[in-house]
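Reader: I keep meeting labels such as "antiparallel" and "buried" and would like to know what earns them. Could we go through some together?

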Amino acid sequence: MKLSQSEGFLKRFRRTPWRFQQTFHTPLKDLRPFVGTIASALDPLRGGCVTIDDAVFEPRHLISLLAEHSLPAGYGHEWSLTAEDKPETEALLEAALGDWVDFVFIPVPKPFVIYADHDEYTTFYANTKSNLNRVAQALSAAGFEKVPDYERQL
């Protein structure tokens, strides 16, 4: 796992013209299956990066994850944590979703990206309907709750 600052990343992300999006409620009491379903839609998941937009409260799960990897407890606007394999990436995404942070998650490979917020909404963005359906259909089939008619404005 790597920790870095990504100056300007969020500005570029917000300028990206995503054609399709779908939002789900973040199931805080059921994060492991939620993350596992997302990861299965990315098979083979080879890594991922979380870039923090805002930390509303101290992100205890992320700080613990950083400590496990002997990294300093650095977090804040445009701090990025990069995972380099599937288990590390799943742990990173689960930790970020479990904290009161707003963040962007970019998986490797990148058929879609995620923006999640502390209000327990996880929005998936893609430039093709098939890439969005890849994850949205898997989450729906697993029983996770879509937010109907919601469009996140970046």
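Author: Gladly; the questions below take a few labels in turn, and please keep in mind that this is a predicted model.

Reader: Why are α3 and α4 called roughly antiparallel?

Author: Look at the angle. The axes of α3 (residues 60-68) and α4 (residues 86-98) cross at roughly 150°. Angles over 145 degrees count as roughly antiparallel, and therefore α3 and α4 get that label. Their axes also come within 7 Å.

Reader: Which residues make the contact of α3 and α4?

Author: From α3 come His61, Leu62 and Leu65, and from α4 come Ala91, Leu92, Ala95, Ala96 and Gly98. Sorted by class, six residues of this contact are nonpolar, two are polar and none is charged.

Reader: How do you know that the buried residues of α3 line one face of the helix?

Author: Start with who they are: Leu62, Leu65 and Leu66. To count as buried, a residue must have under 20% relative accessible area. Viewed down the axis of α3, the buried residues fall within an arc of 100°, so they line one face. Arg60, Ala67 and Glu68 lie on the other side of α3 and are exposed, where the cut-off is over 50%.

Reader: What covers the buried residues of α3?

Author: The cover includes β1, β3, β4, α4 and β5.

Reader: What makes β1 and β2 the edge strands?

Author: Each of them pairs on one side only. You can follow this in the order of the open seven-stranded sheet, β1-β4-β3-β5-β6-β7-β2, where the pairing is antiparallel. From one strand to the next, the twist averages 20°.

Reader: How do you know that β2 and β7 pair?

Author: Two strands pair if there are at least two bridges between them, and β2 and β7 have six, in the antiparallel sense. Thr23, for instance, stands opposite Thr123 in β7, and His25 has Tyr121 of β7 as its bridge partner.

Reader: What joins β6 to β7?

Author: Four bridges do, and the two strands run antiparallel. Ala116 stands opposite Thr122 in β7. The hairpin of β6 and β7 has four residues between the strands, and Glu120 in this hairpin takes a positive phi near 70°.

Reader: Why is β7 called mostly covered?

Author: Count its buried residues: five of the six in β7 are buried, each with under 20% relative accessible area. Among the elements that touch β7 is α4, which packs on the sheet.

Terms used:
Residues numbered from 1 in each chain as written. Predicted model: local features only at pLDDT ≥ 70, side-chain atom pairs only at ≥ 80, totals over all residues. Heavy atoms only, no water. Axes fitted to C-alpha atoms, helices over the stretch in contact; angles between N-to-C directions. Parallel < 35°, antiparallel > 145°, perpendicular 65-115°, else oblique. Contact = heavy atoms within 4.5 Å. Nonpolar A, V, L, I, M, F, W, Y, C, P; charged D, E, K, R; others polar. Buried < 20%, exposed > 50% of the residue type's maximum accessible area, 1.4 Å probe, protein only. Arc of directions from axis to C-beta.
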